[in-house]
Structure formats: structure tokens, C-alpha cells
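Thanks for sending this one over. Here are my notes, set out as numbered points so that you can follow them with the coordinates open.

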Amino acid sequence: MPEITKIVVTGGVCGGKTTALASIRSAFNRLGYKVITVPEPATEFKSNGVLPWECASDEEYQWCQMKVQITREQCFERAARGMTDEKILIVCDRGMLDNKHYMTEDEFQRVIADLGFTELELRDSYDAVFHLVTAAKGAEAFYGNENNAARHETLEEAAEMDDDFIRVWTGHPHLRVIDNSTDFEGKMQRLIDEIATFLGVVAPYQIERKYLIKYPDIEWLEAQPHSQRVDIVQTYLRSDDDHEIRVRDCSDGRGHSYSLTEKSIDDDGHKHLLRRQHLNQREYQNLLSQADPERRPIEKTRWCLMYNAQYFDIDLYPQWNDQAILKIELASEGDPINFPSELHVIREITRENAYRNSVMAFQTSGATH
């Protein structure tokens with residue numbers, strides 16, 4: 001069976017998504033990937049006469065669109081599993097959660113429940129999400145409707161819409177925002193570089209920085225527009241010393257998603273991703289029988305925070321009430337980190353083994369120092 005990775009390319013209007021999809025296909029075909037693109041259904045609906053304002057309700061229109069979207073993704077994935085290519089990259093032109101922008105919370109929850117999913121299941125069914133910021137934020141001179149006659153949003157409306165697309169995806173384990181800090185060619189190259197880094201094509205291991213911080217202000221986190229809470233139970237399975245295998249149960253209070261991650265550990269302690277797999281509840285429960293008896297499950301509350309186009313994970317542990325761990329993945333070692341002023345860094349702990357979850361799991365109680 002081929003190694004299949006499914007990603008979403010999303011973003012605000014006039015963000016460069018059309019060009020990006022072509023660039024991804026070209027770049028990753030050269031790197032040996034079979035690239036499959038799942039087209040966005042909205043354009044297809046409208047160009048063939050199915051218009052939101054002519055349906056019984058906007059909720060009914062969104063149900064029809066999302067039904068086509070999820071069915072198409074499932075069919076493309078099934079087709080990919082039967083192919084002979086070693087590496088397949090499925091690129092979704094927008095993902096299921098983009099539709100949330102066009103509905104109220106109640107409407108969205110009714111639609112996905114009727115389709116048989118929870119929000120967490122849909123969000124975490126994608127391995128990574130890459131958001132292209134609208135030209136209305138930072139590249140205003142290039143914002144227009146020359147290549148899309150249906151585009152009617154003002155600069156302010158486009159910027160607000162862009163923020164909301166980021167909001168609906170906040171909480172995904174791997175969300176990256178590609179802003180307009182360079183010219184358009186540079187923006188496309190940064191997107192390609194981010195995807196390549198995620199796939200392990202560029203970096204042999206994750207460039208992760210980890211910091212011990214003072215316990216954050218929860219009310220401040222809750223008030224942030226791009227902040228999302230996820231409760232995690234992380235269980236380590238029996239494995240050789242040079243491998244690390246864990247399963248996760250993630251919950252947002254309305255549903256669960258389950259996953260398995262396997263990494264190898266080289267002589268320098270660097271971790272290399274070998275396998276990332278989505279699980280259903282039965283698969284997850286079966287794997288728990290392989291839990292390492294010497295390690296306790298790690299329980300933590302994670303706050304995912306998008307701030308100034310950087311994505312922070314803030315992990316709160318039940319044994320601590322005065323400190324927490326902040327993590328960020330970088331595209332390169334020299335990337336600057338723009339910490340929010342409301343978060344108070346105590347020190348960097350990237351290379352301190354005592355603060356690794358895999359080490360903390362050996363401890364039965366208390367802090368790690």
C-alpha cells in the first residue's frame with residue numbers, strides 16, 4: 001500500500017490558491033510524489049446552476065456541497081490506496097471545515113451530525129492545513145477581481161473572512177499560515193518549503209522548540225479569536241529503544257479523534273517520523289492492549305494558538321498549577337519566534353529530556369524537576 005498524505009490548501013480570497021495548487025503538483029511530481037488534487041465543489045455547483053440563494057436554505061445548500069465534498073475525498077482516497085505509487089500526496093482545494101465560515105455554529109453542527117461526523121473527526125482527517133493569506137492583508141495593491149468575476153468583497157471584508165478561515169482551522173495539529181511578507185513568488189516558495197518540511201523532504205526531523213512558561217491566563221486564551229482547546233490522552237506502546245510509538249485520543253467536548261504516530265530515534269536523539277495514521281475508535285481501543293506497562297498515559301490540555309502567523313501549542317498538565325510547556329515547530333533553525341507578551345517564558349527546554357512526554361510518562365506524580 002502506498003504512503004498517502006492528505007493536506008488542505010485553503011485561505012482568504014485572492015490569496016493565490018489557484019497558482020499554489022499548480023505549483024504543488026509541479027514541485028512534488030519532481031520529488032517523486034504522485035499528486036492527486038481534490039477540487040473544490042463550490043465553483044462546480046455555482047457554474048452548473050446550483051446557487052445558494054436559490055436553494056431552500058443556506059443550510060440545505062451547505063449540506064449538499066459538503067456531502068459532495070466528503071464523498072469525493074473518500075473516493076479519491078480509496079482510489080489512491082489501490083495505486084502502485086510509493087508516495088501519494090492528496091491535495092484538497094479547501095477542506096470540510098472551510099464551510100463552517102458560511103454557517104452559524106448550530107447550522108454547522110446539524111449538517112455534520114446529519115452527515116455522520118463530528119467536527120474533530122473532520123478536522124483531524126487531514127494531515128496538515130496550509131492557509132494562504134489574502135492579498136487584502138499585506139499586499140493590498142494586488143487585491144482585485146481580475147481572475148474571479150464573482151469576487152465582490154472589499155479589502156476589509158476580505159481581511160475579516162481570512163481571519164475567520166484561520167479561526168475554523170485553529171486546533172488542527174499542523175496548521176501553517178503563509179502570509180504576504182515576501183513577493184508572490186516568494187510566498188509560493190514558502191508554501192512549497194513548508195509542505196516539503198512537513199513531509200520530511202527537506203528536514204530529516206522536526207525542528208521543534210520547547211519552552212517552560214508560567215501558567216497562562218486561561219481567560220486570555222479563551223478570548224483569543226484564533227485559540228482552541230483540545231484535551232489529549234497520550235499512551236505509549238511497547239517498542240524498541242530506537243523507536244517511539246504512541247496513540248492519542250483527542251477530544252473537544254463534542255467528539256473524539258484518534259491517531260497513531262511512530263518515530264525512530266537516531267544516535268543524536270533526533271526523532272524521524274516513520275508513520276502517521278488516523279484510527280477509528282475500535283482500532284484505538286485494540287492498540288491500548290499494547291500499552292507499555294512501565295509508562296502511564298499522559299493527560300494534558302492543549303491550547304492551540306495562532307499568533308502573528310505562528311502556531312503555538314501550550315500544554316497544561318494536571319500536576320502543575322504554576323507552569324506549562326509551550327512548543328512551536330519552525331521551518332528552519334534560524335526562524336525568529338514572536339511570543340505573545342501575555343505569555344511569560346521561563347527558559348528554553350528543547351534539549352531537556354525531563355520535559356519530554358515520553359520521559360514524563362515514566363513518572364507517577366509530581367513535577368519533572
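**Notes on the predicted model**

1. *Overall fold.* The protein's secondary structure amounts to 10 helices and 14 strands. Its radius of gyration is 21 Å, close to the 21 Å expected from the globule rule for 369 residues, so the protein is as compact as a globular protein of that length. Please keep in mind that this is a predicted model. Along the principal axes, the C-alpha atoms occupy a box of roughly 60 × 45 × 45 Å.

2. *Packing and surface.* Of the 369 residues, 50% are buried. If you take the contacts between residues at least 6 apart in sequence, 70% of them link residues at least 24 apart. The exposed area comes to about 18,100 Å², with 47% of it supplied by carbon and sulfur atoms.

3. *Cysteines.* How many disulfides does the structure hold? The count is 0. Cys55 is in no disulfide, and its nearest cysteine sulfur, on Cys64, is 6.1 Å away; a disulfide would need the two sulfur atoms within 2.5 Å. With 25% relative accessibility, Cys55 counts as partly exposed. Cys92 is likewise in no disulfide, and the nearest cysteine sulfur to it, that of Cys75, is 13 Å away. Cys92 is buried, at a relative accessible area of 1%.

4. *Asp124.* You will find Asp124 in the loop between helix H5 (119-123) and strand E4 (128-132). Is this loop residue, Asp124, buried or exposed? Asp124 counts as buried because its relative accessibility is 9%, and the cut-off for buried is under 20%. Its side chain makes a polar contact of 3.2 Å with the side chain of Arg123. Beyond the neighbours within four places in sequence, Asp124 is in contact with His172, Pro173, Ser257 and His278.

5. *Tyr236, setting.* Tyr236 belongs to strand E7 (residues 227-236). At 4% relative accessibility, Tyr236 counts as buried. Apart from neighbours within four places in sequence, its contacts include Glu244, Ile245 and Arg246, as well as Asp292, Arg295 and Ala361. The C-alpha atoms of Tyr236 and Arg248 are 8.9 Å apart in space, with the two residues 12 apart in sequence.

6. *Tyr236, polar partners.* Which side chain makes a polar contact with the side chain of Tyr236? That partner is Gln234, at 2.8 Å. A polar atom of the Tyr236 side chain also lies 3.1 Å from the backbone nitrogen of Ser358, and Ser358 is among the residues in contact with Tyr236.

How values were computed:
Residues numbered from 1 in each chain as written. Predicted model: local features only at pLDDT ≥ 70, side-chain atom pairs only at ≥ 80, totals over all residues. Heavy atoms only, no water. Buried < 20%, exposed > 50% of the residue type's maximum accessible area, 1.4 Å probe, protein only. Helix = DSSP H or I, 4+ residues; strand = E, 2+ residues; numbered from the N terminus. Polar contact = N/O pair within 3.5 Å; in protein donor to acceptor, adjacent residues only side chain to side chain. Contact = heavy atoms within 4.5 Å. Rg over C-alpha atoms; globule rule 2.2 N^0.38 Å. Areas by Shrake-Rupley, 256 points an atom, 1.4 Å probe, with all protein chains shown as cover.
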